[in-house]
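Dear colleague,

Please find the structure below, handed over for your own inspection. My notes on it follow directly after.

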Amino acid sequence: MLAQILATAPRHEALTIAANSSGKPWTESGFNSTFGKFIDRLEAEGLVGPYLTMHGLRHTLGTRLREAGADLDTIRRLLGQQTLSMAQHYSETADQTAQAKEVVDRLNMFGNKKGQ
């Protein structure tokens with residue numbers, strides 16, 4: 001899917017894949033403006049809720065990665081963070097019930113065979 005999206009991007013010489021429609025690297029303000037308009041359109045179409053931000057997406061990704069079983073160091077690297085504490089901050093709302101149950105099942109404190 002990503003290859004298809006990138007194939008439609010304008011050709012450019014930028015050192016990044018995030019180039020504007022002129023083939024130049026995004027400026028921070030240019031990216032923020034375009035992102036804001038995109039989110040406004042998605043909100044108007046009922047596809048996202050109000051107040052979605054780029055920063056909020058970082059929290060969502062951290063949460064989803066943690067719920068998928070990623071460790072804090074993997075989350076730290078994927079989010080581009082320097083410290084494990086920031087990875088923990090961005091993933092602290094993750095529901096880890098399934099992972100906890102799996103660990104308890106593996107612990108098998110009473111020596112029961114599976115299914116007993």
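R77 and D73 are 4 residues apart in helix α4, which means that about one helical turn separates them. The two residues form a salt bridge in this predicted model, with the closest N and O atoms 3.2 Å apart. The underlying geometry is familiar: an α-helix has 3.6 residues a turn, so residues three or four places apart point the same way. Side chains of opposite charge can then pair when their charged atoms come close.

D73 has a second partner in R76, and in that salt bridge the closest N and O atoms are 2.9 Å apart. D73 and R76 also share helix α4, where a spacing of 3 residues amounts to about one turn. The contact between the side chains of R76 and D73 is listed as a polar contact as well, at 2.9 Å. D73 itself counts as partly exposed because its relative accessibility is 30%, between the limits of 20% and 50%.

Helix α4 spans residues 72–79 and includes R76. What does R76 touch, apart from residues up to four places away in sequence? The residues in question are Q81, Q82, T83, L84 and A87.

A further salt bridge is found in helix α6. The side chains of D105 and K101 meet there, with a distance of 3.0 Å from N to O. Both residues belong to helix α6 (residues 97–107) and stand 4 residues apart, about one turn of the helix. Are the two partners buried or exposed? D105 counts as partly exposed because its relative accessibility is 40%, whereas K101, at 52%, counts as exposed. Returning to helix α4, salt bridges that share partners join D73, R76 and R77 into one network. The count of salt bridges comes to 4.

Helix α6 as a whole is hardly covered, for the count of buried residues among its 11 residues is 1. N108 follows α6 and has a positive phi, near 50°.

The loop between α2 and α3 deserves a separate paragraph. V48 lies in this loop, with α2 covering residues 28–44 and α3 covering residues 54–67. Its relative accessibility is 24%, and V48 therefore counts as partly exposed. Which residues does V48 contact, leaving aside its neighbours within four places in sequence? They are I39, L42 and E43.

P50 is placed in the loop between α2 and α3 too. P50 is exposed, because its relative accessible area of 52% is over the 50% limit. The C-alpha atoms of P50 and I39 are separated by 8.9 Å, and the two residues are 11 residues apart along the chain. I39 thus appears twice in this part of the description, since V48 is in contact with I39.

Y51 is likewise found in the loop between α2 and α3. Its phi is positive, about 70°, although Y51 is not a glycine. Y51 is exposed because its relative accessible area is 75%.

The loop between α1 and α2 holds N20. The side chain of N20 reaches the backbone nitrogen of S22 at 2.9 Å. Neighbours within four places in sequence aside, N20 is in contact with P10, P25 and W26.

At the start of the chain, M1, L2, I5 and L6 make a nonpolar surface patch of about 460 Å². L6 is located in helix α1, which covers residues 2–7. L6 counts as partly exposed because its relative accessibility is 36%.

Finally, a word on confidence. The average pLDDT of the protein is 86, and 92% of the residues score at least 70. Among the elements of the protein, the highest mean pLDDT, 94, belongs to α4, and the lowest, 81, to α1. The network of D73, R76 and R77 therefore involves residues of α4, the element with the highest mean pLDDT. As a general caution, where pLDDT is low, the predicted coordinates should not be read in detail.

With kind regards

Note on methods:
Residues are numbered from 1 along each chain as its sequence is written. This is a predicted model: local features need pLDDT of at least 70, side-chain atom pairs count only at pLDDT 80 or more; totals for chains, interfaces and linings use all residues. Side-chain values use heavy atoms; hydrogens and water are left out. Patches are made of residues with over 30% relative accessible area and no salt bridge: like charges are joined within 9 Å, nonpolar side chains (Val, Leu, Ile, Met, Phe, Trp, Tyr) within 5 Å. Accessible areas come from the Shrake-Rupley method with a 1.4 Å probe; for residues, only the protein chains shown count as cover. Helices (H or I, at least four residues) and strands (E, at least two) are DSSP runs, numbered from the N terminus. Buried means under 20% relative accessible area, exposed over 50%, partly exposed in between (1.4 Å probe, protein chains only). A polar contact is a pair of N or O atoms within 3.5 Å; within protein, one must be able to donate a hydrogen and the other to accept it, and residues adjacent in sequence count only if both atoms are side-chain atoms. Contact means heavy atoms within 4.5 Å. pLDDT is the predictor's confidence in each residue, from 0 to 100.
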